[in-house]
Every structure is written in C-alpha cells, then in structure tokens.
Amino acid sequence: MRAFYILLKKELRSFFLSPLAYVIVALFMLLNGCLFVAIVKAMWLSVTPHSLIFNMFTSVWFWMGYFFLFPLITMRLFAEEKKLGTMETLFTAPVRTVQVLLAKYVATVVLYLVVILPVFGFFILFQEVTGQLAAFNDGSFFGSLLALCLFGLFNIAIGCLASSLTANQLIAAMITFVAVMLHFFFGFFLNFASGSSAELGQRLKYFSTIDHMKFLSDGLIDSRPIVYYVSASILLLFVTHQVLDYRKWKS
C-alpha cells in the first residue's frame, strides 16, 4: 500500500501543480453557471413538472460540455508516460502494474470530483437565496450526485483504457471522446427499438445513460445502474491492466 500512496501523491501533484486542472474547473464552472442561469429564467417564465436539478442535468447543453471533460483529464495518463519514455522506468521500479493503474485512476477520479462538485453549490446557493423548495429537493440532489459519480467512474475507466493503447495524447483523447459519446447515444436507440420490439427496448434501457440520469435526478434510487457502472468500470480497468501487463513484458 505504501507504493500505491506514493504513486497517488505523485499523480495528484502532477494534476494540481499544473494549470490544466484549474483551467478545466474554471471553464466547466463558467459553462454550467451560464446554463444554470438560463434554466432558472426558463423555469420562471413557464411551469415545469420537474425540479431545477432535473432540468439542469438532463439538458443537452450540460452533456455537450460534460463529454469533453473526460478526454482532457485522461489523455495524458499513460500516453504521456510512453511518449516521454518513462513507462519502462516506472515498471522496472518495485511496484506492481495494478498499483500504477489504480494510482492513476484514483487520482483522476479525485480531479473529476473537484471539477464536478462545485456545480452542486449552485443549487445550495439558490435555495439559500430564494427559499424555493419546489425547485430543489434532497432526493434530486443526492440522486444526481450519485449519477454523476457513477458516470465518472465508468468514463474515466474508458479514458484509462484509451490512454494505455497509444503514445499519442490526441489519439487517446479522440478514442475516449468517441467511446463516451457512443455509449451515451446508445440510449437514443430506444426510440427506434421501442417501435419494433418492446422487449428489446427494455433491454437497451438498462444501458441508457440519459434514462439513468432522469430517474436518479428525480430522486428514484435504483441499484441496477449502480451495479452496471461499477461492474463495467471494473471490467474496463481489468482490460487496461492486461494491456499494460502485455506492454510491460513485451518491452
């Protein structure tokens, strides 16, 4: 465990001692701050059956900014090590592949939470200023937080795998972005599947990110998406471990 903590500290320092993390946080907050104001104005002008949190996190504008986050925070994880030639040095040290992988993964999850969590401050501030409980409820708040944590674990695991496959950070970012987008849009196939087969539509619904966000941000906590995203993340990390081990022994 000592080797893991040393590697984790190294990764956290590489994130937070560079301007990249702060630029990402600032841009993400700016984009979502503008979106938050726009949604509040829209809800002021028309009646909506959903909470402010639901409308925020199911907005297509939120997702457009959200998907660019993962290529940015994962593209350098292993690709940079390969490009600089430090991967071989890292693996010849008295550390195991799983320790290196988990240190990079956990550090990226910490960075992701630092980027995401301030967005929830908008809702707390809104409630404190306006006292509008109808637009804010604990179920929606914690359901949305759980959803974004689950999505983050899964998408960061995708980014880890993509970064382990190439020494080019741009290619790793492109692979991550395409994979994350394909998984998200897979849920939209429901519109076509439901017309031809109700059974197929129900099966596809299990993989639909947008459907998961909709019922979790409505405060409806279900164990199925938790099992799905956690198990899928573990599977992706296992595949990444195999890729790294293969490259380690090949070199």
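## A tour that starts at Trp63

Select Trp63 first and show what lies around it. Setting aside residues up to four places away in sequence, Trp63 touches Phe57, Thr58, Phe151, Phe184, Thr209, Ile210 and Met213. Keep those residues on screen, as several of them come back later in the tour.

**Step back to the whole chain**

Now show everything as a cartoon. You are looking at a predicted model, and the protein has 14 helices and zero strands. Of its 251 residues, 46% count as buried. Among contacts with a separation of 6 or more, 78% join residues 24 or more positions apart.

Next, colour by confidence. The mean pLDDT of the protein is 83, and 84% of the residues score at least 70. Where is confidence lowest, and where is it highest? The low point is helix α11, residues 190-196, with a mean of 55, while helix α5, residues 69-74, reaches the high point at 91. Where pLDDT is low, the predicted coordinates should not be read in detail.

**Into the core**

Return to Trp63 and add Phe57, Tyr66, Tyr112 and Leu148. These five residues touch the most other members of the largest nonpolar core, which has 64 residues. Then select helix α8, residues 97-130: this helix gives the core its largest share, 15 residues.

**On to Phe151**

One of the residues touching Trp63 was Phe151, so select that now. Phe151 is found in helix α9. Is Phe151 buried or exposed? Its relative accessible area is 2%, and because the cut-off for buried is under 20%, Phe151 counts as buried. Beyond its neighbours within four places in sequence, Phe151 is in contact with Trp63, Tyr66, Phe70, Thr209, His212, Met213 and Tyr229. Try a distance from Phe151 to Thr209: their C-alpha atoms are separated by 7.9 Å, although the two residues are 58 apart along the chain.

**Helix α13**

Thr209 leads you to helix α13, residues 209-216, which is mostly covered, with six of its eight residues buried. Which residues of α13 are buried? Select Thr209, Ile210, Asp211, His212, Met213 and Leu216 to see them. Thr209, Ile210 and Met213 are among the contacts of Trp63, and Thr209, His212 and Met213 are among those of Phe151.

**Where α9 meets α10**

Select helix α9, residues 138-164, together with helix α10, residues 169-186. The two pack at an angle of about 145 degrees, and their axes are 8 Å apart. Their crossing is right-handed. On the α9 side, show Phe154, Asn155, Ile158, Gly159, Ala162 and Ser163; on the α10 side, show Ala172, Ile175, Thr176, Ala179, Val180 and His183, and you have the residues that make the contact. Colour them by type: seven are nonpolar, five are polar and none is charged.

**Two partly exposed stops**

From Phe154, move across to Ser231, in helix α14, residues 223-250. The C-alpha atoms of Ser231 and Phe154 are separated by 8.9 Å, with their positions 77 residues apart along the chain. Ser231 has 39% relative accessibility and counts as partly exposed.

Finish at Ala38, in helix α2, residues 19-45. Ala38 is also partly exposed, at 42% relative accessibility. From Ala38 to Met56, 18 residues apart along the chain, the C-alpha atoms are separated by 9.6 Å.

How values were computed: Residues are numbered from 1 along each chain as its sequence is written. This is a predicted model: local features need pLDDT of at least 70, side-chain atom pairs count only at pLDDT 80 or more; totals for chains, interfaces and linings use all residues. Side-chain values use heavy atoms; hydrogens and water are left out. Axes are lines fitted to C-alpha atoms, for helices over the stretch in contact, and angles run from 0 to 180 degrees between N-to-C directions. Helices (H or I, at least four residues) and strands (E, at least two) are DSSP runs, numbered from the N terminus. A crossing is left-handed if the near helix is turned anticlockwise from the far one by less than a right angle, and right-handed if clockwise. Contact means heavy atoms within 4.5 Å. Ala, Val, Leu, Ile, Met, Phe, Trp, Tyr, Cys and Pro count as nonpolar, Asp, Glu, Lys and Arg as charged, and the others, Gly among them, as polar. pLDDT is the predictor's confidence in each residue, from 0 to 100. A nonpolar core is a set of buried Ala, Val, Leu, Ile, Met, Phe, Trp, Tyr and Cys residues joined through side-chain atoms within 4.5 Å. Buried means under 20% relative accessible area, exposed over 50%, partly exposed in between (1.4 Å probe, protein chains only).
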